[in-house]
Amino acid sequence: MDIKQDELLKVVYTTPTLKDQLDDHLDSGSKINAIKELKGYCETSDNPDWLENGTRVSLRLLKDVVDRYGIRRIIYNKLTKLSEQIENYCNVFGYDKMGSRRGAKSKDGLYTHQYSDYELVEDHIGFIVNDLQWSPSHKDYKQYNKLWKKYNAFK
């Protein structure tokens, strides 16, 4: 990943008004307007650290940042829906019915902690929010689909 891209993406996440404006444009399906909004912000903002000596920000950089932000936003929204779906399922059928993975073992070979489906989804939401380099693997996407089918069965 490009360092400028990461820095500009951090600016998007740490500037609530810019983030809200980009969300509005992306919700309405206008990626071009989102790019224009980001360009306008870059041109009118003070000279941040990632914009050395007042150099111009390229349209390629702006497009790549908006694309990356849009993809991460979609993943975040879908994981949040999955988390809510797991909660709804557990409220109806009981939390003892929630699935889990094999957890950490103690020295005597007994399981001491089982990693629940809800914990998995919540951890991945945290990764999306806090780690700009992280993205789900193909295996993770398959797991999300299985979880969605499992916890959507009661409708």
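Hi everyone. Val12 touches Leu18, Lys19, Leu22, Leu38, Val65 and Tyr69, leaving aside residues up to four places away in sequence. Before I go on, please keep in mind that this is a predicted model.

So where does Val12 sit? It belongs to helix α1, which covers residues 3-14. Is Val12 buried or exposed? Its relative accessible area is 0%, and because buried means under 20%, Val12 counts as buried. One of its contacts, Leu22, is ten residues away in sequence, and the two C-alpha atoms are 8.6 Å apart in space.

Another contact of Val12 is Leu38, and that takes us to α3. This helix runs over residues 31-44, and its 14 residues should span 20 Å at 1.5 Å a residue. The end C-alpha atoms of α3 are indeed 20 Å apart, so the two values agree. Which residues of α3 are buried? They are Ala34, Ile35, Leu38 and Cys42. These four cover an arc of only 100 degrees around the axis, which means that they lie on the same side of α3. What do they pack against? The answer is α1, α2 (16-27) and α4. On the face turned away from that buried side, α3 carries the exposed residues Ile32, Lys36, Glu43 and Thr44.

Let's do the same for α6. It also comes out close to expectation: with 14 residues, α6 reaches 20 Å from its first C-alpha to its last, against 20 Å expected at 1.5 Å a residue. Buried in α6 are Asp140, Tyr144, Leu147 and Tyr151. Their arc around the axis is only 65 degrees, so they sit on the same side of α6. His138, Lys139, Lys146 and Lys149 are exposed on the other side of this helix.

Now for the pockets, which I suspect some of you have been waiting for. Rolling a probe the size of a water molecule over the atoms shows where empty space is left. How much space lies in the largest pocket? About 270 Å³. Two helices, α4 (59-93) and α6 (138-151), each supply at least two residues of its lining. Which one gives the largest share? That is α4, with six residues. The full lining is Ile74, Ile75, Lys78, Leu79, Lys81, Leu82, Tyr141, Tyr144, Asn145 and Trp148. By class, this lining has seven nonpolar, one polar and two charged residues. You may recognise Tyr144: it is listed in the lining of the largest pocket, and it is among the buried residues of α6.

That's my tour, thanks for listening!

Methods: Residues numbered from 1 in each chain as written. Predicted model: local features only at pLDDT ≥ 70, side-chain atom pairs only at ≥ 80, totals over all residues. Heavy atoms only, no water. Buried < 20%, exposed > 50% of the residue type's maximum accessible area, 1.4 Å probe, protein only. Contact = heavy atoms within 4.5 Å. 1 Å grid on protein atoms, 1.4 Å probe; cavity = no way out; pocket = protein on both sides within 12 Å on 5 of 7 lines; lining within 4 Å. Points joined across faces, edges and corners; volume = space filled by probe spheres on them. Nonpolar A, V, L, I, M, F, W, Y, C, P; charged D, E, K, R; others polar. Expected span 1.5 Å × (residues − 1). Arc of directions from axis to C-beta.
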